[in-house]
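Me: I would like to go through the empty spaces in this predicted model and ask, for each label, what it rests on.

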Amino acid sequence: MEQGICHGGIGSFYGDFGYCCRVRSPLPFAAFFTTTLTPRSANTTMTIQLIRTALAPLVFALASAGLQAQTRDEALLARATAAQAATVQTLERLVNIESGSTNLDGIRALSQFLESELVAMGAKVTRHTSTIQGGADNIAGRIEGTGTKHFLMMAHMDTVYPVGTLAKAPFRIDGNRAFGPGIADDKGGIAVILHSIRLLLERGSKDFASITVMFNSDEEVGSRGSSALIQALARDSDYVFSYEPTTALKEMMVMGTSGTAIVTAKVKGRAAHAGANPEAGVNALTEAADLILRTQDLDDKARGLRFNWTIAKSGTVRNVIPDEATIDADLRFMRNEDMDSTLSKLKERAAQTRLPEAKVEISATVGRPAFVAGDQGKRLIDKANAIYKTLGHEIVVVPLTGGGTDAGFAALSGKPVIEGMGLPGFGYHSNQAEYVMVDAIPRRLYLSAQMVIELNKGE
Ligand SMILES: [Zn+2]
């Protein structure tokens, strides 16, 4: 028996149910039902018989369904615990390369560092030019294994911080917290990917068909230069893990995040003197105001569809009937199809103008798609939670949140996607107080590696 690992012996099964031992076969159950016990009395015989009769259907149903009490791999956990110090060192190195989204030199330096780390692990690394002109490269590294499933692990290199932030808020450790700009979002995610893959490689068994690592350069500014790459790599994978941070107080995973779009209505009217002959004009401002009122019901909170006009511009001179008006709305949606249906409803309403001669043109700038984990994503979260519970921790499942994530692009592939695999932290996007929880590192490394091991086995 491998040191520290339970293998479903009946003693440990009863001693530590659901915490330590995976029952790999129905044998321990069956033993209870087939062992010839030596009763001390007729009553005892009857009691044993009653228990057997009562429990038999349940136990055999569980056993035949292959339902397994979750165990933990003590050897893997020991390695994950031992990797904490090296992971903190990696975090320090990552934080010390400033990589704000517009700091192209910084992102380039960081991608070179990550490329060398991946190559050292045996990955074949490719650089992918940003699809936005002037954007920094995204990088992908692929490690071949001997298993059956293909995994995509992704995190972003860029941060929200301008050059010089590091000088004001250098990397430091204070108790259980490691501070630094971008340390949670998303350098913690990068560190978890690198060190959890090392754990998998140290096992020597390469329990995956392939792991592709994708580090993009523009997540904080909408991933416009990397979204096509994310979708392509996700399509080639069986499972996608996204390593955005989770929160320090409660380690959460989300079932969905909203998609975003900016909707613009351009109203054309006709100018006229406001005092002498306003009847000759077509007031674009009046038409815009009416459009706002007749589209308010498109907002549907219960469906997670938020539609609100937020900016209006019209008129430059007080005594002229305005011939133009532009209004913008903020659109958020939990289902990608809701964006299309909202736009078509809006176009219909806009065409029915209040002023017959007014013309309204609707356009939309789509931000991120909605991320919908769906049933297959929920199964991944359930798996993560089962693994986490063996460590005495729990993942809180959050149904839907605002805010965008690259998981939305990955999920367009139709493949199962899990978000929130990074480090628990706090203060993302705040200037000098971003940190991660150091003692969470072993369990996050373990979670990442164990997810690969179990999913590869088809569990
Ligand atoms: Zn992020």
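The exchange below takes up the cavities and then the largest pocket.

Me: What makes a space count as a cavity here, and how many cavities of 30 Å³ or more are there?
Reply: A cavity is a set of points where a 1.4 Å probe fits but cannot get out, and by this rule the count comes to 2 cavities of 30 Å³ or more. The largest cavity holds about 60 Å³ of space, while the second largest has a volume of about 50 Å³.

Me: How do you know which residues line the largest cavity?
Reply: A lining residue must have an atom within 4 Å of a point, and the residues of this lining include Val95, Glu98, Tyr161, Leu166 and Lys187. Since Tyr counts as nonpolar and Lys as charged, Tyr161 and Lys187 fall into those classes, and the lining as a whole divides into 5 nonpolar, 3 polar and 2 charged residues.

Me: Which strand gives the largest share of the lining of the second largest cavity?
Reply: That share, 3 residues, comes from E3; strand E3 (150-156) and strand E6 (210-216) each supply at least two residues. Among the lining residues are Met154, His156, Met214 and Asp406.

Me: Why is the space of about 510 Å³ called a pocket?
Reply: It is called a pocket because that term is used for an open set of points with protein on both sides within 12 Å along at least five of seven lines, and the largest pocket has a volume of about 510 Å³. Of the 20 residues that line the largest pocket, the closest to its centre are Glu244, Pro245, Thr401, Gly404 and Tyr428. By class, its lining has 5 nonpolar, 10 polar and 5 charged residues.

Terms used. Residues are numbered from 1 along each chain as its sequence is written. This is a predicted model: local features need pLDDT of at least 70, side-chain atom pairs count only at pLDDT 80 or more; totals for chains, interfaces and linings use all residues. Side-chain values use heavy atoms; hydrogens and water are left out. On a 1 Å grid over the protein atoms alone, a cavity is a set of points where a 1.4 Å probe fits but cannot get out, and a pocket is an open set with protein on both sides within 12 Å along at least five of seven lines; lining residues have an atom within 4 Å of a point. Grid points are joined across faces, edges and corners, and a volume is the space filled by probe spheres set on the points. Helices (H or I, at least four residues) and strands (E, at least two) are DSSP runs, numbered from the N terminus.
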